[in-house]
Amino acid sequence: MRFPRLNVFLLAAIGAAVGASIVAPSAFAHVTLETKQAVAGSYYKAVFKVPHGCKGSPTTRIRIQIPAGVISVKPQPKAGWKLELVEGNYAKSYSLHGAQVTSGVREISWTGNLPDAYYDEFIFQANLTTDLPAGTVVSFPVVQECEKGVSRWIETKEPSENPAPKLTIVAKP
Ligand SMILES: [Cu+2]
């Protein structure tokens with residue numbers, strides 16, 4: 001007599017748990033920047049957090065595009081990951097420490113393997129030029145390649161299914 005009611009309750013609980021696990025990843029488990037605000041004219045440590053693969057498939061490559069105004073990029077090597085850089089000319093020349101800088105890293109990729117059950121971070125250091133006024137939102141398009149499938153974190157508008165990691169330039173305190 002009591003069992004049917006118990007079963008209904010259990011089914012409802014299981015349903016809620018399944019629903020939560022489907023909703024949670026798209027809501028707050030994207031590729032994002034750890035530090036979301038920085039001052040222009042300073043060096044910035046960009047830490048990209050990768051909390052999951054592509055729908056359960058292991059991540060095999062992370063590619064990050066460097067936006068305009070972000071120069072002197074130096075990626076942090078990772079044990080077990082092959083690091084590759086695409087270098088090229090900037091759209092304009094920047095003055096940095098009394099020198100003119102006209103070219104540098106435009107794209108970084110790390111190739112390796114990160115199971116979906118694990119978390120990792122991909123890091124570079126860069127100079128945020130004073131071309132970026134306070135209030136500017138800088139998007140870093142990231143392509144996450146997986147054993148099966150690919151996730152393109154490239155959307156600049158919010159809300160979005162696949163938002164690019166974003167950094168807001170703030171005024172000097
Ligand atoms: Cu996500």
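Two residues count as in contact here when their C-beta atoms, placed from the backbone, lie within 7 Å. By that criterion, residues 24 or more positions apart account for 70% of the contacts in the protein that have a separation of 6 or more. The model on screen is predicted.

Start with the whole chain, coloured by confidence if your viewer allows it. The mean pLDDT of the protein is 88, and 84% of its residues reach 70 or more. Now select residues 6-27, where pLDDT stays under 50 and for which the model has 3 contacts beyond four places in sequence.

Switch next to a secondary-structure view, in which the protein shows 1 helix and 12 strands. Followed along the sequence, the pattern opens with α and continues with β elements, reading α-β-β-β-β-β-β-β-β-β-β-β-β.

Select β6, β7, β4, β10 and β11, which in that order form an open sheet of 5 strands with antiparallel pairing. β6 (82-96) and β11 (150-153) stand at the edges, and because each has a single partner strand, one side of each is left without a neighbour in the sheet. Averaged over the sheet, and with direction ignored, neighbouring strands are turned by 15° against each other.

Stay at the β11 edge and add β10, residues 142-146, which pairs with β11 in the antiparallel sense over 4 bridges. To see one such pairing in detail, pick Gln144 and look across to Ser151, its bridge partner in β11.

Move then to the other edge and select Leu85, which is found in strand β6. Is Leu85 buried or partly exposed? Leu85 has 15 C-beta neighbours inside 10 Å, a count between the 12 or fewer of an exposed residue and the 20 or more of a buried one, so Leu85 counts as partly exposed. Leaving aside neighbours within four places in sequence, Leu85 is in contact with Pro75, Val105 and Ile108. Arg106 lies 21 residues from Leu85 along the chain, and the C-alpha atoms of the two are separated by 7.6 Å.

Finally, turn to the interior, keeping in mind that buried residues make up 23% of the 173 residues in the protein. The largest nonpolar core has 28 residues, of which Phe48, Ala126, Leu128 and Val142 touch the most other members. Among the strands that each supply at least two residues of this core are β3 (42-50), β5 (70-75), β8 (120-128) and β12 (166-170). End on Phe48: not counting residues up to four places away in sequence, Phe48 touches Val31, Leu33, Ile64, Glu121, Phe122, Val142 and Pro165.

Note on methods. Residues are numbered from 1 along each chain as its sequence is written. This is a predicted model: local features need pLDDT of at least 70, side-chain atom pairs count only at pLDDT 80 or more; totals for chains, interfaces and linings use all residues. Two strands pair if DSSP finds at least two bridges between them. Axes are lines fitted to C-alpha atoms, for helices over the stretch in contact, and angles run from 0 to 180 degrees between N-to-C directions. A nonpolar core is a set of buried Ala, Val, Leu, Ile, Met, Phe, Trp, Tyr and Cys residues joined through C-beta atoms within 7 Å. pLDDT is the predictor's confidence in each residue, from 0 to 100.
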